Amino acid sequence: MRQAAMRTVTTEEGTRRLLQTAADTAERAGVYVQAAMSRLGEQAQELTHAGHRMAEYTRAVGGWTREAQDFMRRHPLQVLAGALVLGYVAGKLRWRRE
């Protein structure tokens, strides 16, 4: 009878330990999941900011190219002369290297 009681106590203690270990493991897993979700949230926020910066950059480049096109339409001879000068200089620099 005493051995049966000891087994019951041992079984209860083992079950209690097992449940406590499972609870501790679940708690640690919850902390890890929470940390991972926090990092994912931070990365999503960084991607959002990068997207906004890219949109601003695209708008700025679009404005710059419109201005350049307007200048080329208003002053085509100056643009052609500039292109000829740049071509001449590039040819001279290449000729020197060879």
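How many residues apart are arginine 17 and glutamate 13 in helix α1? They sit four residues apart, about one turn of the helix. Keep that spacing in mind while you look through the close-ups below, which all come from a predicted model.

**View 1. Arginine 17 pairs up with glutamate 13.** Here the two side chains meet in a salt bridge, at 3.4 Å from N to O. Arginine 17 is exposed, because its relative accessible area of 56% is over the 50% cut-off. Glutamate 13, at 32%, counts as partly exposed. If you're wondering about the chemistry, side chains of opposite charge can pair when their charged atoms come close.

**View 2. Glutamate 13 also meets arginine 16.** This salt bridge has an N to O distance of 3.2 Å. Arginine 16 and glutamate 13 are three residues apart in helix α1, which covers residues 2-74, so about one helical turn separates them.

**View 3. Three side chains, one network.** Which residues are linked here by salt bridges? They're Glu13, Arg16 and Arg17, joined in a network. Glutamate 13 takes part in the bridge with arginine 16 and in the bridge with arginine 17.

**View 4. Arginine 73 and aspartate 70 form a salt bridge.** We're still in helix α1, where this pair sits three residues apart, or about one turn of the helix. Their closest N and O atoms are 3.6 Å apart. Is arginine 73 buried or exposed? Arginine 73 is exposed, with a relative accessible area of 62%. Aspartate 70 comes out as partly exposed, at 38%. If you've been keeping a tally, a search of the whole structure turns up three salt bridges.

**View 5. A nonpolar patch on the surface.** Now for something without charges. Which residues make up this patch? Val85, Tyr88, Val89 and Leu93 form it, and together they have about 400 Å² of accessible area. Take a look at valine 85, one of the patch members, which lies in helix α2, residues 76-97. Why does valine 85 count as exposed? Its relative accessible area is 52%, and exposed means over 50%.

Terms used. Residues are numbered from 1 along each chain as its sequence is written. This is a predicted model: local features need pLDDT of at least 70, side-chain atom pairs count only at pLDDT 80 or more; totals for chains, interfaces and linings use all residues. Side-chain values use heavy atoms; hydrogens and water are left out. Patches are made of residues with over 30% relative accessible area and no salt bridge: like charges are joined within 9 Å, nonpolar side chains (Val, Leu, Ile, Met, Phe, Trp, Tyr) within 5 Å. Accessible areas come from the Shrake-Rupley method with a 1.4 Å probe; for residues, only the protein chains shown count as cover. A salt bridge is a side-chain nitrogen of Lys or Arg within 4 Å of a carboxyl oxygen of Asp or Glu. Helices (H or I, at least four residues) and strands (E, at least two) are DSSP runs, numbered from the N terminus. Buried means under 20% relative accessible area, exposed over 50%, partly exposed in between (1.4 Å probe, protein chains only).
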